[in-house]
Amino acid sequence: WDGDEIVVAQNLKVDLSAPGPEDPLTYQFDVNSGDESGRMTGEGTLTFAPEDPFDIQRIKADSKLVINSWELEEVLKLFDSGTFFAAVKGRLNANFALTGNAAGNLLLLGNLSIPELKMHGGPFGSDTPVVSDIAIKMEAGGTPDAISLNDLTFTSSLAAGSARGTFDSGKNHRLSGSADLDLAEISRQVPGTIKLREGTAITNGKMTLSAKLNVAGDSANFEGNARIDRIQGIRREKKISWNKPVTANAVGELRPDGVQLENLSLRSAFLNADGQGNLENMTVRLAADINAALKEFRKFIELQPWDGSGKLKLALDLKKKSKNISHAAISADLKRFFMVRGGSRILPKQDIQIDFNTTVKTGQTLSATKLSQPNLVITSSLARGKLSAAHTAWNAVSGMPDISGIELHTKLNLKQLSSVLRNLKTLTPDTSLEGESTI
């Protein structure tokens, strides 16, 4: 923007007609876009209730809005900080119709389309993505007791989706939606942003998302699903693909005192997880193969300068001991783990064991939950240590936990530590440490 004037709209014409207090107010307006190539028109009537013309709920509307070829670039510049958001160029076409009133039945119908949306800068770097054939269709209604989203559909060259739901005044709400993303087309539009490997093309791949949310009072049932099909592509004239699809499912309930997880499931070639329970009784198991994950992602994505390997097993157990009191244990076992950066090994191959234990005192809300005698133990060839405390509670005022009775005992392998710091360029290449440090 640089302080220059931005003309978003010009040549506004408005015509109002109000013959009498019992007659509808009729209006029309016409305005051109800043570049004079786009146009927005509107017309309609507002009929007031004779016995109370100032009751907004009872004003009956019959209105239409039409937008033709309105350039979005100048409009969006008003909200652009110049660094974070991408510059956008595209022409908007839309038409909306609103009939009825809030005291009876209100109906909103709308269609929106953008033939071609061009973007550059911001998070896209050197990429210049183009999204074509954008179309949104909406039908919504309202009564004194509820608002309903009867239909919302979205289509484009990159993604398509739909949503519907109802929201009533008694805190009972329903919302569902789904979306499909074309990963092959996304990779063609933003190869640099996703760090697609040079000489690699994704020829087939889709991500499917779906979600349902049912709210009743202070509780909400939810279900979410995600799936990434086996991504396929070509690298230097050789066919490549992921070994397995990625699927995820979560079903549960959000309550004032926390989450009731009925099922958590994640399946892939490199990461698998299962879980269920609540803040009193919960079980979660996770297994990850770092080498397999890097191998899968490296088929398409440039991961340099990082590399590594190792197998992780993580277990979380919450077991109720008495009313509002549970024992929590988290165990993470990382076998034969090492890290490489730029061809140099940052962390030598080693086993890392992390154990955390505490007593959980659940409150009426999640923020009121307290931890008694939390204890963390870490064992590896780089570091061995123990961190404990007497009590931990969430401070709602500061937004940070209050911790009392902290004790720390740890031993560091200085030779391994100096190797890590040299590779991270925190120490100079010719600096080395020896021995062991006790804290």
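The following legends describe several views of one predicted protein model.

**General notes.** In this predicted model, local features need pLDDT of at least 70 and side-chain atom pairs count only at pLDDT 80 or more, while totals for chains, interfaces and linings use all residues. Residues are numbered from 1 along each chain as its sequence is written, and side-chain values use heavy atoms, with hydrogens and water left out.

**Figure 1. The whole chain, with four helices and 29 strands.** Helices (H or I, at least four residues) and strands (E, at least two) are DSSP runs, numbered from the N terminus. The radius of gyration is 29 Å, well over the 22 Å that the globule rule gives for 439 residues, so the chain is more spread out than a compact globule. This radius is taken over C-alpha atoms, and the globule rule is 2.2 Å times the number of residues to the power 0.38. Along the principal axes, the C-alpha atoms fill a box of roughly 95 × 60 × 45 Å. Of the 439 residues, 28% count as buried; buried means under 20% relative accessible area, exposed over 50%, and partly exposed in between (1.4 Å probe, protein chains only). Among contacts (heavy atoms within 4.5 Å) between residues at least 6 apart in sequence, 45% join residues at least 24 apart.

**Figure 2. The loop residues E36 and R236, each with a positive phi.** E36 is found in the loop between β2 (25-33) and β3 (39-47). Its phi is near 70°, a positive value in a residue other than glycine. E36 is exposed, with a relative accessible area of 53%. R236 belongs to the loop between β15 (232-235) and β16 (238-241). Although R236 is not a glycine, its phi is positive, at about 50°. R236 also counts as exposed, at 66% relative accessibility.

**Figure 3. D30 in strand β2.** D30 counts as buried, at 18% relative accessibility. The side chain of D30 makes a polar contact with the side chain of R39, at 2.2 Å. A polar contact is a pair of N or O atoms within 3.5 Å; within protein, one must be able to donate a hydrogen and the other to accept it, and residues adjacent in sequence count only if both atoms are side-chain atoms. Not counting residues up to four places away in sequence, D30 touches N11, L12, K13, R39, M40 and T41.

**Figure 4. Helix α3 and the loop that follows.** The buried residues of α3 are A292, A293, L294 and E296. These buried residues pack against β16, β20 (282-289) and β21. At the N-terminal end of α3, D289 acts as a cap: one of its side-chain oxygens lies 3.1 Å from the backbone nitrogen of N291. P305 lies in the loop between α3 (290-298) and β21 (306-322). The peptide bond from Q304 to P305 is cis, with omega near 10°.

**Figure 5. K311 in strand β21.** K311 counts as exposed, at 53% relative accessibility. K311 and L334 are 23 residues apart in sequence, yet their C-alpha atoms are 5.6 Å apart in space. Beyond residues up to four places away in sequence, K311 touches A288, D289, D333, L334 and K335.

**Figure 6. Q350 in strand β23 (residues 344-361).** Q350 is buried, with a relative accessible area of 6%. The side chain of Q350 reaches the backbone oxygen of P348 at 3.2 Å. When residues up to four places away in sequence are not counted, Q350 touches L334, K335, R336, F337, S380, S381, L382 and Q416.

**Figure 7. Helix α4 (residues 414-423) and the strands that cover its buried residues.** The buried residues of α4 are L414, Q416, S418, S419, V420 and N423. An α-helix has 3.6 residues a turn, so residues three or four places apart point the same way. The cover over the buried residues of α4 includes β22 (325-341), β23, β28 (407-413) and β29 (436-438). N413 caps the N-terminal end of α4, with a side-chain oxygen 3.1 Å from the backbone nitrogen of K415. Just after α4, K425 takes a positive phi of about 65°.
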